Amino acid sequence: MWNAGRDDALKKLMLYYIPFTIGLHTHLPELGTSLLLPPFATFAWNVIGYYLSQVLGSKTHNPRPSRQMLLCNEHCSTCASLQELLEQLYVPVQDFCPSRKTQEHFIDTIYELGDFISFTEVTGGRLRVVKHWDFLNSNRWESRLKQARDFLKSIGDDDFIEQLMGNRFKDLKVALEGKSRYNYTAYE
Ligand SMILES: [Zn+2]
């Protein structure tokens, strides 16, 4: 059901499969059936498993780190440090001192990432780069965890999820504690 590149599979998951699963959960009982019964159970089992492994990750591993790759083809060290900042999940702000030669290029780079970061000049030559709140927050474990819990809640309570996930429920619990990433392999 994921037969596509990872990006496409994630898009499918977030745009179609998740809303569809939640819709099934709401409407199947009206039709006298349930998400816990075949063929829906297998489908939901896969959606949840894939979500946990590809979106939730663990405390120390964000499976979807900042996609904002720098468009620097000058291999400069300032951009390399900026990339590191983007990948740091908990660092909101950092100062940079690009050389006079690279300053203009560095500022252009920051403008290109204007949806995610902005900068102010602190002193001559020293630039303070600040991450926008929603960008910083969306990468954090707490926010991924809340999203996952909300998703699971919209499918059913703990007992329901346990029945649905069967012997993988234990792994789901571990993933929600952030201890280790859910190891998903498709079940057809
Ligand atoms: Zn650069």
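**Exercise 1.** Which residues in H1 meet which residues in H6?

*Solution.* The model is predicted. Begin with the two axes: those of helix H1 (residues 6-27) and helix H6 (residues 141-155) come within 8 Å and cross at roughly 30°. Next, list the residues on each side. H1 contributes Ile18, Thr21, Ile22 and His25, and these meet Phe151, Ser154 and Ile155 in H6. Finally, sort the contact by class: four residues are nonpolar, three are polar and none is charged.

**Exercise 2.** State how the chain is divided into domains, and give the separation of their centres.

*Solution.* Domain 1 takes in two stretches, 6-63 and 139-177. Domain 2 is assigned to 77-134. Taken over C-alpha atoms, the centres of domain 1 and domain 2 are separated by 36 Å.

**Exercise 3.** Describe the three-stranded sheet: its strand order, its edge strands and its twist.

*Solution.* Start with the order, which is E1-E3-E2 in an open sheet with antiparallel pairing. The edges follow: strand E1 (93-96) and strand E2 (117-123) each pair on one side only. From one strand to the next, the twist averages 25°.

Now take one pair in detail. E1 and strand E3 (residues 126-131) are joined in the antiparallel sense over four bridges. To fix the register, note that Gln94 stands opposite Val129 in E3.

The last step is to add the helix. Helix H3 (residues 77-87) lies across E1 and E3, and runs at about 175° to E1.

**Exercise 4.** Identify the residues of the largest nonpolar core that touch the most other members, and find which element gives the most to this core.

*Solution.* The core has 16 residues, of which Val47, Ile48, Tyr51, Leu52 and Leu56 touch the most other members. Then assign the core to elements. Those that give two or more residues are helix H2 (40-56), H6, helix H7 (158-165) and helix H8 (169-176). H2 gives the most, with seven residues.

Val47 can be followed one step further. Leaving out residues up to four places away in sequence, Val47 touches Leu13, Tyr17, Ile18 and Thr21. Ile18 and Thr21 also appear in the contact of H1 with H6.

**Exercise 5.** How many residues make up the second, separate core, and which residues does it include?

*Solution.* The second core has nine residues, including Leu86, Phe96, Phe106 and Val129. To place one of them, return to the sheet: Val129 is the residue in E3 that Gln94 stands opposite.

Definitions and conventions
Residues numbered from 1 in each chain as written. Predicted model: local features only at pLDDT ≥ 70, side-chain atom pairs only at ≥ 80, totals over all residues. Domains from an automatic or database assignment. Pairing = 2+ DSSP bridges. Axes fitted to C-alpha atoms, helices over the stretch in contact; angles between N-to-C directions. Contact = placed C-beta atoms within 7 Å. Nonpolar A, V, L, I, M, F, W, Y, C, P; charged D, E, K, R; others polar. Core = buried A, V, L, I, M, F, W, Y, C linked by C-beta atoms within 7 Å. Buried ≥ 20, exposed ≤ 12 C-beta atoms within 10 Å, placed from the backbone.
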